[in-house]
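Biologist: Could you take me through this model and tell me how each term is earned?
Modeller: Gladly; here it is.

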Amino acid sequence: MSILVIAEHNNAALHRATLNAVAAATQIGGDVHLLIAGHEASGAAADATKVGGVTKVLYVDAEAYAHALPENLAALVVSLAQPYSHVIAASTAVGKNFMPRVAALLDCAQISEVVAIKAADTFVRPIYAGNALATVRSVDPVKVLTVRTTAFDAASLEGSAPLESVPAAAPYERARFVDQELTKSSRPELAAANIVVSGGRGMQNGDNFKLLDALADKLGAAVGASRAAVDAGFVPNDYQVGQTGKIVAPQLYIAVGISGAIQHLAGMKDSKVIVAINKDNEAPIFQVADYGLAADLFDAVPALTEALD
Amino acid sequence: MFADYGYFSNRLSCECIRNPTLKILVPVKRVVDYNVKVRVKADGSGVDISNVKMSMNPFDEIAVEEAVRQKETGVATEVIAVSCGISQCQETLRTAMAIGADRGILIETAVELEPLAVAKLLKALVDKERPQLIILGKQAIDDDSNQTGQMLAALAGMPQATFASRVTLEGSTAVVSREVDGGAETLSLTLPAVVTTDLRLNEPRYVTLPNIMKAKKKSLEIIKPDDLGVDVTPRLKIMKFVEPTTRSAGIKVPDVKTLVEKLKIEAKAL
């Protein structure tokens, strides 16, 4: 049995989510090959050779792979898929985008957001915004999985896998990357942070998120938000934690001015410790919080920031 | 085994340049209403959805709204809503037509459809109807798969733009902004193409009573998977369903000082 994991990277470096995907692959057992498809991606390829549990790194350098366009990436993966029993990627925006294309071209079902591996063909995944867990067995020849990164510990960086160049697939002409606009932040990445401070509608406006920024800076935390805060334009979309945003499972999650709708809980209820600060004593968030403080956030957050000195 | 994926076929795109009509196909799914908290059946055989409120998947509402807006601005000429599933999906199609879709198609089956099966059904319908754009929701809030649009694009050999927050049609091109981890990116696709909607794309309109009445008179065609020559047999065997381990409520602390102490000493989280 051998497994192909498709790495996520920005050409210069490997994305952390790849380490979780490799960890899931090693749980299944067998040879784990890691594919780096990029353009001038020697940095990412060098990172990939160090990932623990990887037996070989497949490297493709072509302009077509510069921006992870799914048409190109899927065609490449399908061209390489023949010997593999499993094809795995992290369930990030990139993984969710190209993997179903791979599955369809292989005429296999895809199993999305796998949170546990029961056997080589049996997997657990959440449905209904995390309100139920389904155990499913695949009868397909190739198991195509995306794995929820927060459900698997990251693979170590103590490996030394050989690098092998593989040929590029023919480029797809009908999709073209135009440009991108990334949110700049010096804070840790939301999905990988140890501590997350999130704000909801109760923040009232974007300016007030400065209160959370100050607290986050003190804690070395990432800042997240509920959909209400994103929709109201307080913070950019990529801050959103929930069923349709990012799934996080940090050591500490501090929910500020967030009521705790089903869709938000889906994105954070696997956090180790949950703190809720909300002036509404009846807010549903208190039903999942380990520590709840029923208080006005405009008093409590600055006080908390100060108390951490 | 991996022979022809239709990847390099320009046939459809040439046709659409000559064709003055721009048809949009919008697949819609009937799901448990997003406000309902479902329960797993005691025997683990499934999720209890009897007697709960069903609605159109929220992402699909956004897809219908987007298609109708493209028609209202004169870019698109026809909007076709399609749903795959049991007879009651007709209600979902009527809702789509009340928002403004011109006609509906139900691909009726009692089989529990997986995304791959839906994608194959839609591919067969795309071959028949030849839409230049297919707009789907990015995921259904019941199975949370986030697969169907991408699978359809693959099977039809079309380009895709998932998680769209803005769609601009210009001649034979769709310029789409999409939500990615860390920000946004813009793609340019040659039609025909597949787009899946993010929540940010638009705010769906409320359906009015006159429009609901009008929708009742619109055409609703019913076909079967067999008519399309598609095998919809599931590929995944559901072994069991369980409730996730529930978190119980912790304690309420009276003030910030106690909170910091608890986090430091009891939870060791700071």
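Modeller: About 100 Å³ of space lies in the second largest cavity. This is a predicted model, where local features need pLDDT of at least 70, side-chain atom pairs count only at pLDDT 80 or more, and totals for chains, interfaces and linings use all residues. Residues are numbered from 1 along each chain as its sequence is written, and chains are lettered from A in the order in which they are written.

Biologist: Why is this space called a cavity?
Modeller: Because, on a 1 Å grid over the protein atoms alone, a 1.4 Å probe fits at its points but cannot get out. The volume is the space filled by probe spheres set on those points, joined across faces, edges and corners.

Biologist: What makes a residue part of the lining of the second largest cavity?
Modeller: An atom within 4 Å of a point. Among those that line this cavity are A:Tyr128, A:Gln243, B:Asp33 and B:Ile141, so each of them meets that cut-off.

Biologist: How many residues of each class are in that lining?
Modeller: The lining has 8 nonpolar, 3 polar and 1 charged residues. Tyr counts as nonpolar, Asp as charged and Gln as polar.

Biologist: And which residues are closest to the centre of the largest cavity?
Modeller: That cavity has a volume of about 160 Å³, and of its 18 lining residues the closest to the centre are A:Glu113, A:Arg148, A:Gln243, A:Ile247 and B:Asp144. By class, its lining has 5 nonpolar, 8 polar and 5 charged residues.

Biologist: How do you know that β14(A) and β15(A) pair?
Modeller: Pairing needs at least two DSSP bridges between strands; these two have 5, in the parallel sense, so they pair. A:Tyr253 stands opposite A:Ile274 there.

Conventions:
Heavy atoms only, no water. 1 Å grid on protein atoms, 1.4 Å probe; cavity = no way out; pocket = protein on both sides within 12 Å on 5 of 7 lines; lining within 4 Å. Helix = DSSP H or I, 4+ residues; strand = E, 2+ residues; numbered from the N terminus.
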